[in-house]
Amino acid sequence: MTANRARPSRRIPAVWMRGGTSKGLFFRSDVLPSDPAERDALILRALGSPDPYGTQIDGLGGATSSTSKAVIVGPSSRPDCDLDYRFGHVSIQSPLIDYSGNCGNLTSAVGPFAIAEGLVAPLEGVTEVRIWQANIGKRILARVPVRDGLPLETGDFRLDGIPWSGAAIELSFLDPGGSAEAPLLPTGHELDTLEIPGLGRIEATLINAGNPTVLVRAADLGLTGRELPAQIGADQALLERCERIRAHAAVTMGLGDTPDAVSRSRPATPKLAFVAPATDSVDTRGEPIPAERIDLLARILSMGRPHHAFTGTGAVALAVAAAMPGTLVNAMTPWAGQSGVHHCRLGHPSGTLEVGAEVIADANGWQVPRAILRRTARRLMEGVVLVPE
């Protein structure tokens, strides 16, 4: 009788990092298999997916849309960038990694990761890291605070949704409007009316800035915009309605052939957010958010579930739409009917978030030179992730 032998696990260098209000597993591109199928199988197993129990208990994933993510970073072949960065949103229960969009929160950790890994030479004070976001084909400039040659993590910048302060990292999303998949306004309209079978008509602003995003009024869903994630997540009928709207909007935006195909194979984008005019609300801590501190109330879904705060790229899309007359978002803001440079203050479940966007009109239509937001990031663990052969 042959004795059983333990098969060794693969040891893959990796870093577990928080960026903004998300966490993810960061890899250098040169440590992963070159074959995409083999690479994705490794990442899925490292995170603990697919898990029919929905816990990712046999992996590093945290069983939420904000903690089941992977990032791949390597030197860029482009002369105008230092890094190529690819983001994968890892499905928890399905053997699927969605590379269709970007994670604005984890983008804030890309620069610090690259500096610590020796991919970018540090400059004392602030190091500017030029990032090529390979998923959507866009440039991002990260200004990373550095001390003694390493990314600075401690500071006095407070990011709602994170219990500790940190060092602010400024992200400039350069020309974030449009992509190879779809233009800034995929339908050419600031406001569309969607025909949803079984639901009827609903107005939406369909925009591709930061990530493809579907924006609807909270009131059109029977909501106030003050709802907290636990309340939204417990309403399965609401989540199903939102997914039907998202999937049909994706087809209208040219991002899928059928709503069923979108729901099955493209869960990460477009994101769906619902917005409401500024009014007094409370966050998940029970802390008040006075209406005078914000310009809009906003909630967003990620991978079919309510986000505990607000996605970074969703904030970019919302700020761009808010600065664009004719959108349903702009109509709710203090500067309704005006374009230009605006700093949009969002009230979300964990507090508030400010994001700046510049929107101008020229002979070619709407242009978005840049959008800017600030996040914090921290290296949580470094070493090797063990993946069973």
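This tour moves through the structure stop by stop, stating what to select and what is found there. The model is a predicted one.

**Stop 1: the largest pocket**

Begin by selecting T64, S65, S66, I92 and R305. Of the 46 residues that line the largest pocket, these five are the closest to its centre. The pocket has a volume of about 1,100 Å³. Next, colour the elements β2 (22-28), α4, α5 (259-265), β17 (305-306) and β21 (377-388), each of which gives two or more residues to this lining. Which element provides the largest share of the lining of the largest pocket? It is α4, with 5 residues. If the lining of the largest pocket is coloured by class, 24 residues appear as polar, 13 as nonpolar and 9 as charged.

**Stop 2: the second largest pocket**

Now select F157, L353, E354, V355 and R374. These are the closest to the centre of the second largest pocket among the 15 residues that line it. Its volume is about 320 Å³. Three strands, β18 (340-348), β19 (351-362) and β20 (365-375), each supply at least two residues of the lining. Of the elements, β19 gives the most to the lining of this pocket, with 5 residues. By class, the lining of the second largest pocket holds 6 nonpolar, 3 polar and 6 charged residues.

While strand β18 is in view, select G347, which has its place in that strand. Is G347 buried or exposed? With a relative accessible area of 0%, G347 is buried. Then add A134 to the selection and draw a line between the two C-alpha atoms. G347 and A134 lie 213 residues apart along the chain, and their C-alpha atoms are separated by 30 Å.

**Stop 3: the cavities**

How many cavities of 30 Å³ or more does a search of the whole structure find? The search finds 7. The largest cavity encloses about 100 Å³ of space. To find it, select K69, N102, C103, K271 and T311, the closest to its centre of the 18 residues in its lining. The elements β4 (83-90), α2 (104-116) and α6 (312-322) each contribute at least two residues to the lining of the largest cavity. The lining of the largest cavity divides into 13 polar, 3 nonpolar and 2 charged residues.

Move next to the second largest cavity, which has a volume of about 80 Å³. Select E243, R246, L272, L301 and G304, which are the closest to its centre of the 13 residues that line it. Here α4 (236-252), β13 (271-277) and β16 (296-302) each supply at least two lining residues. With 4 residues, α4 gives the most to the lining of the second largest cavity. The classes in this lining are 8 nonpolar, 2 polar and 3 charged residues.

**Stop 4: two cysteines**

Select C81 and C103 and display their sulfur atoms. A disulfide is a covalent bond between the sulfur atoms of two cysteines. How many disulfides does a search of the whole structure find? The search finds 0. Why is C81 not bonded to C103? The closest cysteine sulfur to that of C81 is in C103, but it is 18 Å away, which is too far for a bond. C103 is likewise in no disulfide, as its nearest cysteine sulfur is that of C81. C81 is buried, with a relative accessible area of 5%. C103 also counts as buried, at 5% relative accessibility.

**Stop 5: aromatic rings**

A pair of aromatic rings is described by the distance of the centres and the angle of the planes. A search of the whole structure finds 1 aromatic pair. To see it, select F26 and F113, whose rings form a tilted pair with 5.4 Å from centre to centre and 50° between the planes. The pair links distant parts of the chain, since F26 lies in strand β2 and F113 in helix α2, 87 residues apart. F26 counts as buried at 0% relative accessibility, and F113 is buried with a relative accessible area of 1%.

For the final selection, take R78 and W132. Where does the charged end of R78 sit? It sits over the ring of W132, 3.6 Å from the centre of that ring.

Notes:
Residues are numbered from 1 along each chain as its sequence is written. This is a predicted model: local features need pLDDT of at least 70, side-chain atom pairs count only at pLDDT 80 or more; totals for chains, interfaces and linings use all residues. Side-chain values use heavy atoms; hydrogens and water are left out. On a 1 Å grid over the protein atoms alone, a cavity is a set of points where a 1.4 Å probe fits but cannot get out, and a pocket is an open set with protein on both sides within 12 Å along at least five of seven lines; lining residues have an atom within 4 Å of a point. Grid points are joined across faces, edges and corners, and a volume is the space filled by probe spheres set on the points. Ala, Val, Leu, Ile, Met, Phe, Trp, Tyr, Cys and Pro count as nonpolar, Asp, Glu, Lys and Arg as charged, and the others, Gly among them, as polar. A disulfide is a pair of cysteine sulfur atoms within 2.5 Å. Buried means under 20% relative accessible area, exposed over 50%, partly exposed in between (1.4 Å probe, protein chains only). Rings of Phe, Tyr and Trp (its six-membered ring) pair if their centres lie within 6.5 Å; planes under 30 degrees apart count as stacked, over 60 as edge-to-face and the rest as tilted. A charge sits over a ring if NZ of Lys or CZ of Arg is within 6 Å of the ring centre and within 35 degrees of the ring normal.
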